[in-house]
Amino acid sequence: MQDDFALLAEDVSSPFDGGRFAIGRRPVRVGAIDLGALDAETDSCLDMLVKLPGGDVRLPEAFRTKAVFSLFTLAAEAEKKLPGPGWRDHYLYLTVDQREVLPGRSHRNAGWHFDGMQGSRYFEKLTACRQYVVSSANPTEYATLPMNADGLTEDGHNWFVELGAQIDESIPGAVVKGAPGEVMLMSAYQLHRSPVSMAEHPYRRTFFRLDVSMKQQDRLGNSLNPDLPAPFEFQPRGLPEGLRYEISDSGWEGGRKFSKAVL
Ligand SMILES: [Fe+2]
């Protein structure tokens, strides 16, 4: 398998290309966040815009926490090692999701998927997205084996289901995960899922994701940043075409959501 970081550097230096799912891959560990800080009580936010291309990071006060600063510090260090100007020309979107995970359920979506699909809305493909993710407990699972996206169309196929069905979990090493607190960097070609809880009792799990993207994440329901108004209109849009599927996460009863975009 090619060096994980070198592969990822290639991934994020070229436009989104389904052919790259054919390369086996693993996420790259970029450091760790203190678990006590990571699991401290916090508001949650979803894909909140925190930086514009060419701009500075603007975090609302609710998210100026030790753990969020650790995430940004580790990510900024990793960005320096990537080719080009790092995240300077990209949007940054922050997700903080803290909830009680119920027995037999996942915190976030349990199905195999990837972050950063560019559907038919993106006729000319943008540079592939990358994400820094970390969980306080039972971290994200990653699929490592090559997949075949040949013949998949943006409007006619559910890429998550089609690629997820190719993952043979009986093969040793086919699924890997980091440790709680470890910040992992992955590209848009990294299939992953939120694990289902095998615990007998509910437990709190805190998840952070920093999405480095050329895309305008303008889905209605994303959190609004009071310190950085989005220069685009939020749209009542579901998942990208061909990617709709049932959400079976733990629900929001145990969480506290930050401001949401409204029409
Ligand atoms: Fe994801």
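## Two positive-phi residues and the nonpolar core

Asn-138 counts as partly exposed, because 19 C-beta neighbours lie inside 10 Å and a residue is buried only from 20 other C-beta atoms upward. The model is a predicted one, and the values below are computed from it.

Asn-138 is not a glycine, yet its phi is positive, at about 40°. Its position is the loop between β4 (130-135) and β5 (141-143). A positive phi of about 40° is also found at Asp-47, again not a glycine. Asp-47 belongs to strand β2 (residues 45-51). Is Asp-47 buried or exposed? Asp-47 is buried, because 20 other C-beta atoms are within 10 Å, and 20 is enough to meet the cut-off.

| Residue | Phi | Location | C-beta atoms within 10 Å |
|---|---|---|---|
| Asp-47 | about 40° | strand β2 (residues 45-51) | 20, buried |
| Asn-138 | about 40° | loop between β4 (130-135) and β5 (141-143) | 19, partly exposed |

**The chain as a whole**

There are 4 helices and 9 strands in the chain. Read from the N terminus, their order is α-β-α-β-α-β-β-β-α-β-β-β-β. The radius of gyration is 17 Å, close to the 18 Å given by the globule rule for 263 residues, so the chain is as compact as a globular protein of that length. Along the principal axes, the C-alpha atoms fill a box of roughly 45 × 45 × 35 Å.

Buried residues make up 37% of the 263 in the chain. If contacts are restricted to residues at least 6 apart in sequence, 86% of them join residues at least 24 apart.

**The core**

Nonpolar side chains tend to be buried together in soluble globular proteins. Here the largest nonpolar core has 50 residues, and the members that touch the most others are Leu-71, Leu-92, Leu-94, Val-134 and Leu-210. Two or more residues each come from β2, α3 (66-81), β3 (91-101), β4, β5, α4 (159-164), β7 (182-187) and β9 (203-213). Which element gives the most to this core? That element is α3, with 7 residues.

Strand β2, one of the contributing elements, is also where Asp-47 is found. The strands β4 and β5 both contribute to the core, and Asn-138 lies in the loop between them.

Leu-210 can be followed in detail. Leaving aside residues up to four places away in sequence, Leu-210 touches Leu-71, Ala-75, Leu-92, Leu-94, Gln-131 and Tyr-132. Among these partners, Leu-71, Leu-92 and Leu-94 are themselves listed with Leu-210 as core members that touch the most others.

Methods:
Residues are numbered from 1 along each chain as its sequence is written. This is a predicted model: local features need pLDDT of at least 70, side-chain atom pairs count only at pLDDT 80 or more; totals for chains, interfaces and linings use all residues. A residue is buried if 20 or more other C-beta atoms lie within 10 Å of its own, exposed if 12 or fewer, and partly exposed in between; C-beta atoms are placed from the backbone. The radius of gyration is taken over C-alpha atoms; the globule rule is 2.2 Å times the number of residues to the power 0.38. Two residues are in contact if their C-beta atoms, placed from the backbone, lie within 7 Å. A nonpolar core is a set of buried Ala, Val, Leu, Ile, Met, Phe, Trp, Tyr and Cys residues joined through C-beta atoms within 7 Å.
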